[in-house]
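Please look over the sequence and the model shown here, beginning with the chain as a whole before turning to single residues.

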Amino acid sequence: MSGIRYDWQELEIREVYNTPLLELIYQAASVHRQFHDPKQIQVCKLISIKTGGCPEDCSYCAQSSRYQTEVKPQALLDKETVVNIAQTAKQKGVSRVCMGAAWREVRDNSQFEKVLDMVKDVTDMGLEVCCTLGMLTTDQAKRLEAAGLYAYNHNLDTSAEYYSTIITTRTYSDRLNTIENVRQTNVTVCSGGILGLGESIEDRISMLHTLANLDPHPESVPINILSQVEGTPLENQPDVPIWDVVRMIATARIIMPTSDVRLSAGRARLSQVEQAFCFMAGANSIFSSDDNKMLTVTTPCPDYDADQEMLNLLGLEMRPPSQRPNRVATQVGV
Ligand code: SAM
Ligand code: DTB
Ligand code: SF4
């Protein structure tokens with residue numbers, strides 16, 4: 001069965017999302033088994049290479065300079081620090097390292113040169129490297145590609161309709177433009193969203209519709225659960241019910257069958273049973289850590305050893321890094 005479509009209608013996605021729950025999970029699990037090895041989970045490590053002081057006003061974010069949060073701004077880390085964190089992660093079986101910077105956009109300066117250097121060195125360790133650095137031009141995407149970058153993360157976060165309620169300092173088209181710029185290269189695209197911003201179910205469906213009509217689909221789709229950060233406008237949002245998370249994962253799995261669906265922020269508050277439902281519904285990627293945080297102290301992340309134990313218990317295993325080399329990096333012998 002080929003089954004990969006880029007012409008999903010909102011009506012169809014709504015129908016999938018509203019399928020009776022256990023039937024939805026069963027359908028998603030079946031699709032998952034057609035396109036993926038259901039034993040394998042991709043384990044990723046986040047490194048905040050530049051923390052806080054961001055000029056953007058994303059209402060959920062601990063790193064925006066507009067809000068008073070417990071995050072202390074930190075300048076760009078040096079390469080040795082990043083390589084050391086990546087080495088420990090590799091020893092623990094992690095296959096992807098994702099470097100995040102609290103920037104609005106990449107600038108062509110010495111900081112970007114340093115990031116390119118980090119990408120080269122961590123790629124050389126045999127790890128998949130992902131960056132999330134804000135907006136990017138095609139030229140910058142090409143330079144990251146030449147350094148060996150495997151993936152670029154740029155989330156849509158919510159629907160086009162709801163976007164300006166959450167972020168006013170950039171537009172949905174800015175977001176789509178950067179994704180388009182990454183698509184001019186062989187770097188894979190990672191793009192998803194957040195549940196719990198006060199969005200409606202229609203907003204969730206609209207975001208999934210935008211993602212599933214990108215051709216090709218993003219190779220990975222992170223589903224974040226809002227971590228309510230004190231000091232941000234969304235600090236008092238209620239917790240997202242687990243079944244909403246499961247529905248979102250299952251729908252993403254069915255409409256984007258070859259993509260990796262990543263259970264991202266908010267996993268730390270889920271029980272093993274709840275996480276098992278997410279894996280059953282087609283999630284096949286997680287972030288794990290040894291410093292108890294995602295990017296910042298505001299958002300906890302489960303521990304490598306606890307995750308290994310959970311995977312063992314569920315009969316799952318860590319997926320090795322992709323053998324697909326970045327084409328340009330191979331050509332230039334990076
Ligand atoms: N500055 C870059 C950008 O916005 O593209 C990259 C870093 S940003 C922290 C990456 C993503 O993390 C956001 O798009 C959002 O989906 C997620 N995120 C940030 N804060 C979050 C929170 N409090 N809860 C859940 N997800 C969050
Ligand atoms: C993604 O979708 N989620 C990760 C990663 N991509 C960059 C970030 C999770 C949120 C981190 C919030 C914090 O740690 O402050
Ligand atoms: Fe800045 Fe990214 Fe946080 Fe928005 S999500 S405030 S762009 S670090």
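The paragraphs below go from the overall fold to the nonpolar cores, and then to individual residues and backbone features.

The model is a predicted one, and its protein chain holds 12 helices and 10 strands. The radius of gyration of the chain is 18 Å, close to the 20 Å that the globule rule gives for 334 residues, so the chain is as compact as a globular protein of that length. Measured out along the principal axes, the C-alpha trace spans about 55 × 40 × 40 Å. Of the 334 residues of the protein chain, 56% count as buried, and among the contacts between residues at least 6 apart in sequence, 77% join residues at least 24 apart. The accessible surface of the chain comes to about 13,800 Å², and 50% of this area belongs to carbon and sulfur atoms. As for charge, the chain carries 31 positive and 42 negative charges, whose mean positions lie 4 Å apart.

Turning to the interior, the largest nonpolar core has 91 residues, of which Ile49, Tyr60, Val122, Leu133 and Tyr152 touch the most other members. The element that gives the most to this core is helix α9 (residues 242-255), with nine residues. A second core, separate from this one, is made up of 10 residues, including Cys130, Ala265, Met294 and Cys301. Tyr60, when its neighbours within four places in sequence are left aside, is in contact with Asp157, Ile166, Ile167, Arg170, Ile194, Leu197, Leu226, Ser227, Val229, Thr232 and Leu234.

Asp157, one of these partners of Tyr60, is worth following further. This residue is found in the loop between β4 (151-153) and α6 (163-166), and its phi is positive, at about 70°, although Asp157 is not a glycine. Is Asp157 buried or exposed? With a relative accessible area of 4%, which is under the 20% cut-off, Asp157 is buried.

A second residue with a positive phi is Asn292, for which the angle is near 60°, again in a residue other than glycine. Asn292 is placed in the loop between β9 (285-287) and α11 (304-314), and because its relative accessibility is 54%, Asn292 counts as exposed. Most residues other than glycine have a negative phi, and most peptide bonds are trans. The peptide bond that joins Asp215 and Pro216 is cis, with omega about 0°, and Pro216 is found in the loop between α8 (201-212) and β7 (220-225).

Two further residues can be traced in the same manner. Val43 has its place in strand β1 (residues 40-50) and is buried, with a relative accessible area of 2%. Leaving aside its neighbours within four places in sequence, Val43 is in contact with Val94, Ser95, Arg96, Ile286, Ser288, Leu311 and Met318. Val43 and Asp307 are 264 residues apart in sequence, while their C-alpha atoms are 9.2 Å apart in space. Asn177, for its part, is found in helix α7 (residues 172-182) and counts as partly exposed, at 44% relative accessibility. Along the chain Asn177 and Gly231 are 54 residues apart, and their C-alpha atoms are separated by 30 Å.

Terms used
Residues are numbered from 1 along each chain as its sequence is written. Chains are lettered from A and ligands numbered from 1 in the order in which they are written. This is a predicted model: local features need pLDDT of at least 70, side-chain atom pairs count only at pLDDT 80 or more; totals for chains, interfaces and linings use all residues. Side-chain values use heavy atoms; hydrogens and water are left out. Helices (H or I, at least four residues) and strands (E, at least two) are DSSP runs, numbered from the N terminus. The radius of gyration is taken over C-alpha atoms; the globule rule is 2.2 Å times the number of residues to the power 0.38. Buried means under 20% relative accessible area, exposed over 50%, partly exposed in between (1.4 Å probe, protein chains only). Contact means heavy atoms within 4.5 Å. Accessible areas come from the Shrake-Rupley method with a 1.4 Å probe; for residues, only the protein chains shown count as cover. Lys and Arg count as positive and Asp and Glu as negative; His and the chain ends are not counted. The place of a charge is taken as NZ of Lys, CZ of Arg, CG of Asp or CD of Glu. A nonpolar core is a set of buried Ala, Val, Leu, Ile, Met, Phe, Trp, Tyr and Cys residues joined through side-chain atoms within 4.5 Å.
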